[in-house]
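Please look through the structure shown here and follow the briefing below, which moves from charged pairs to internal spaces and then to the surface.

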Amino acid sequence: MNISVSEIPGAAAVWPLRPLLDMLKSASWTQLLVPAVLAYLGLCRTLRFRREHALRRKLGYPDRASLARMTTEDAQQIVHFLSSWEFPLFNFLALEFGLFKTYGLESISRLLLATGNLTDPVRSLKRFEDTAALIGEWLQNPPTSERAMQGVARMNFLHSKYIKEGTISNADLLYTLSVFITEPPRFCRLFEWRALNEMEICAYGVLWKSVGDAMGIEYKGFLARAESGWRDGVEFADDIATWAKAYEVVAMKPSLVCAKPARALIPMITYWAPGFAKPFVTKVVISLLGERVREAFMLPEPDVTASATVYSLLAIRLFVLRYLTLPRFFQLKRLNDPDPRTGRMTQRIPYGNFPFYIKPTLWNRWISPAAWLIWLVGGKVPGDNPEEYMAQGYLFSDLGPKNRMGLGVEEMEADVSRLRESFGRGGCPFG
């Protein structure tokens, strides 16, 4: 039976594609590949910066003058965006290396050695996870939320004993605050596919200024502009960075006291490296430390081969991400919602090398490729040693050294009430 094209419904609309299909069939693979590659590169270029520009338009910070009215709520939203969408890996590494950097101060290292919380091979595991968990609560929850305020209150309680004893000084707290403001922009500028824009730098200044205020950190007598005040978060970030650099010259010296925590913590960073590669990976870590920090830790000069390798790989990664890959399709989520019955919070991904506060599931314990890989290298997966790693999740009163677990509940409640009543907790800290 002969059927004409005109008798087939919709054939008139499809028929003009016949010449195109014939052309594609007759074209060589190179004639098809080149336009496809160019189209993909154009798509990468179009989408790569779209989220950055969209967030700036959404929040309404088009220029430097507008940053003076940035609220802590907006700042938290920006920092959360950077840590969960744009730069999850290097935002985490910046905070990890930044925390590591503070141990170059002898006063901080001396306290760590006295408590053993970051040098003891057992206690250090929980201490690192808990510090990261508290910081994560501040970054991932709005500053007026109960979780953010409880996180600050818990940190205040853990520090209060040492502040009263005089073993933690205001300068120690201020320097620690400075690395959380300055290290993420520095890491992004050096290693990521783009540097932070002014709005994002301002957000780090605004958010961490708010945390510093809640912790009672004193700026007067330390920062140059503390008396006159700061115009915006960028100005605050510049001021604290200038002070921190000057403070390092005075306080960060080669020290056997600082060397001990450094030698205990480097294995935490190189934990997943195969045994045969650990010496080389250790040299890579040393090459990423600044000269002054390395000297304070009394570590050797960076290895030329390790430095050349890591910086070449980072440059290749930067190029590939910027020009050859599409942006992330899924947000990185570390925390689950609190259990409605117990209020306990669990994590999806640990900050450290052990499955603290992760509820075991069929997927994360038995099926996932990550679980099999961890098993192969002899690591711990969710469900292993559930009492030690607290698979049921944490309450804020659980965070901190084991000998202080469950303590400070009343003090935290009073501090949360103070924070809740504080003027401008979610507003602009410079207004």
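Within helix H11, Asp213 and Lys209 lie 4 residues apart, which is about one turn of the helix, and their side chains meet in a salt bridge with an N to O distance of 3.0 Å. The model is a predicted one, and the values that follow are computed from it. The protein chain has 20 helices and 0 strands, and its C-alpha trace spans about 100 × 55 × 55 Å along its principal axes. Of the 431 residues in the protein chain, 48% count as buried.

**Salt bridges**

- The two partners in helix H11 differ in how they are covered, because Lys209 has a relative accessibility of 6% and counts as buried, whereas Asp213, with a relative accessible area of 34%, is partly exposed.
- The count of salt bridges comes to 22, and one of them is formed by Asp232 and Arg64, whose closest N and O atoms are 2.7 Å apart.
- This pair links distant parts of the chain, since Asp232 sits in the loop between H11 and H12 while Arg64 sits in the loop between helix H4 (50-59) and H5, 168 residues apart.
- Is Asp232 buried or exposed? Asp232 counts as buried because its relative accessibility is 1%, and the cut-off for buried is under 20%.
- Its partner Arg64 has a relative accessible area of 24%, and is therefore partly exposed.
- A further salt bridge joins Arg231 with Glu235, where the closest N and O atoms are 3.8 Å apart.
- In this pair Arg231 counts as partly exposed at 47% relative accessibility, while Glu235 is buried with a relative accessible area of 16%.
- Glu52, Glu86, Arg194 and Glu200 are joined into one network by salt bridges that share partners.

**Cavities**

- There are 6 cavities of 30 Å³ or more, and the largest cavity holds about 580 Å³ of space.
- The largest cavity is lined by 32 residues, and those nearest its centre are Arg127, Met155, His159, Ile168 and Thr176.
- The elements that each give two or more residues to this lining are H6, helix H7 (106-115), helix H8 (123-140), helix H9 (146-165), H10 and helix H11 (198-214).
- Which helix gives the most to the lining of the largest cavity? H8 does, with 6 residues.
- By class, the lining of the largest cavity divides into 21 nonpolar, 7 polar and 4 charged residues.
- The second largest cavity has a volume of about 280 Å³, and of the 19 residues that line the second largest cavity, Phe92, Leu95, Leu139, Arg334 and Tyr351 are the closest to its centre.
- Helix H5 (72-86), H6 and H8 each supply at least two residues of the lining of the second largest cavity, and the largest share, 7 residues, comes from H8.
- The lining of the second largest cavity has 10 nonpolar, 7 polar and 2 charged residues.

**The second largest pocket**

- The volume of the second largest pocket is about 610 Å³, and its lining is made of 27 residues, of which Thr182, Glu183, Arg186, Arg189 and Lys245 lie nearest its centre.
- At least two lining residues of the second largest pocket come from each of helix H6 (88-102), helix H10 (170-191), helix H12 (233-251) and helix H15 (291-296).
- The largest share of this lining, 9 residues, is supplied by H10.
- When the lining residues of the second largest pocket are sorted by class, 15 are nonpolar, 3 are polar and 9 are charged.

**A nonpolar patch on the surface**

- Trp29, Leu33, Val34, Val37, Leu38, Tyr40, Leu41, Phe319, Tyr323 and Leu324 form a nonpolar patch on the surface, and together they have about 950 Å² of accessible area.
- Helix H3 (29-48) and helix H16 (304-324) are the elements that give two or more residues to the nonpolar patch, and H3 gives the most, with 7 residues.
- Trp29 has its place in helix H3, and Trp29 counts as exposed because its relative accessibility is 62%, where exposed requires over 50%.

Terms used. Residues numbered from 1 in each chain as written. Predicted model: local features only at pLDDT ≥ 70, side-chain atom pairs only at ≥ 80, totals over all residues. Heavy atoms only, no water. 1 Å grid on protein atoms, 1.4 Å probe; cavity = no way out; pocket = protein on both sides within 12 Å on 5 of 7 lines; lining within 4 Å. Points joined across faces, edges and corners; volume = space filled by probe spheres on them. Nonpolar A, V, L, I, M, F, W, Y, C, P; charged D, E, K, R; others polar. Patch = residues over 30% accessible without salt bridge, like charges linked within 9 Å, V, L, I, M, F, W, Y side chains within 5 Å. Areas by Shrake-Rupley, 256 points an atom, 1.4 Å probe, with all protein chains shown as cover. Salt bridge = Lys/Arg side-chain N within 4 Å of Asp/Glu carboxyl O. Buried < 20%, exposed > 50% of the residue type's maximum accessible area, 1.4 Å probe, protein only.
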